[in-house]
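Okay, thanks everyone. I'll keep this short, so have a look at the structure first and then I'll talk through a few spots.

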Amino acid sequence: MLKERSGRGYDRLGKEAGVSGSSLHRYCSGLGVPTDYRVVHSFAKVCGASAEELRELHRLWALADTDRDATTGTAKESLAADRETGAETVARWDADARREAGPAATTAAADGAEPGSGHGAPPVAPDPGADDVVPLEIELGTTRRPGRSRMPEKLSPRFAVLAAMVAVLLVAGFVWLPGGRSADGSPAADDGLLYSPACKSVSMGQHDECVREVQTLLVAAKGRLAVDGDFGPETLRRLTAFQVLARLPASNVVDEDTKKALYARKVSMSTWSPARVAERIRQVFTEDPASAVAVARCASFLDPLWVLPNTNGSRNWGVFQISDGRLRELGGTPLRAFDPEWNIKAAHRLWSAQHDFHDWPSCEAALKDTPKA
């Protein structure tokens, strides 16, 4: 649809998007899925896609990429005969997501929104008022007259047993009910919704309250994402960043160690603003500051905690989306790559090899007509 709307041919669009015309034809024909989302993003920007269209493209690419990995385990392109099946799969997932989200779901907080585009404040559950509490005597099937003591004059054996059970549960609640605290004020080891049987596993594609709890905890850690109960690409990015910052394996799932780290609330995802990132890039890339900012904006939207997965299992990290392979060459780690100062200087080292941006071919289109500083 974007290609037809642009009115341009595959060769021209491919040249501007940093990919061959033949590859672009395969992608648009449904014969293959790009191994790197940045190809999709660059093509869409060349075609004038809106922010909402970019978010939808990211969601569809993530679904196609996940489906490919699940069925083949490789980046091998699917056959032409699979096109209809793939389209039906995406359509079915999309319909299921809309049905589960319900009519009240909003698109403004869609997962995968661009950093800096603005999110609404995460929904806050209202505090329970007095009207929400069932009086104990009504719950127990007894009544009382005004001015009289709440305790019946004579307890029946059944009432006495029930009252004893309630007392035991209330005392035990201080130890194990959600919301309990340990001696130092931190959440207890088994505290929180994520420790319930319903949340034994939380991972990509899930839509429920377990995901909403994870998102709420990530927001509490200063992570930028929508709280909508939908475990999509944006939630996966933020979860991966949190796990790295917590010095945990980036497992793509909310495992037991991740749950403990989320509830401990000791990890902060607070980082530089896009404006500060752009300013620092200009200071480091004195030779070509405007192009460097354009490449970084294309790669990560100037988000220091941006993460993108590749189909071979590797990932790209931080402001300049430095790959795992490049990190090893530069003596870095994903944790160091999330430090914007280190990431920007490392990117400058890569640029200095040939004084160009050949390490970011998918962002080549971002340099077109870029005014020189």
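So, arginine 238: this is a predicted model, and in it arginine 238 has just 2% relative accessibility, so it counts as buried. What does its side chain meet? One salt bridge goes to glutamate 234, at 2.9 Å, N to O. Those two both sit in helix H10, residues 233–245, four residues apart, about one turn of the helix. Glutamate 234 is also at 2% relative accessibility, so that one counts as buried too.

Arginine 238 also has a salt bridge with aspartate 303, at 2.8 Å, N to O. This pair links distant parts of the chain, 65 residues apart: aspartate 303 is in the loop between helix H13 (289–300) and S1. Aspartate 303 comes out at 1% relative accessibility, so it's buried as well. And there's a network here: salt bridges link Arg224, Glu234, Arg237, Arg238 and Asp303.

For another case, go to helix H14, residues 324–330, where glutamate 329 and arginine 326 lie three residues apart. Their side chains form a salt bridge at 2.6 Å, N to O. Glutamate 329 is exposed, at 57% relative accessibility, while arginine 326 is partly exposed, at 26%. Over the whole structure, the search gives 10 salt bridges.

Last stop, the sheet. It's open, three strands in the order S1-S2-S3, paired antiparallel. S1 (307–309) and S3 (322–323) are the edges with a single partner strand each, so one side of each has no neighbour in the sheet. In the loop between S1 and S2 you'll find asparagine 310, which is buried at 15% relative accessibility. Beyond its sequence neighbours within four places, asparagine 310 contacts Thr35, Asp36, Arg315 and Asn316.

Definitions and conventions:
Residues numbered from 1 in each chain as written. Predicted model: local features only at pLDDT ≥ 70, side-chain atom pairs only at ≥ 80, totals over all residues. Heavy atoms only, no water. Pairing = 2+ DSSP bridges. Buried < 20%, exposed > 50% of the residue type's maximum accessible area, 1.4 Å probe, protein only. Contact = heavy atoms within 4.5 Å. Salt bridge = Lys/Arg side-chain N within 4 Å of Asp/Glu carboxyl O.
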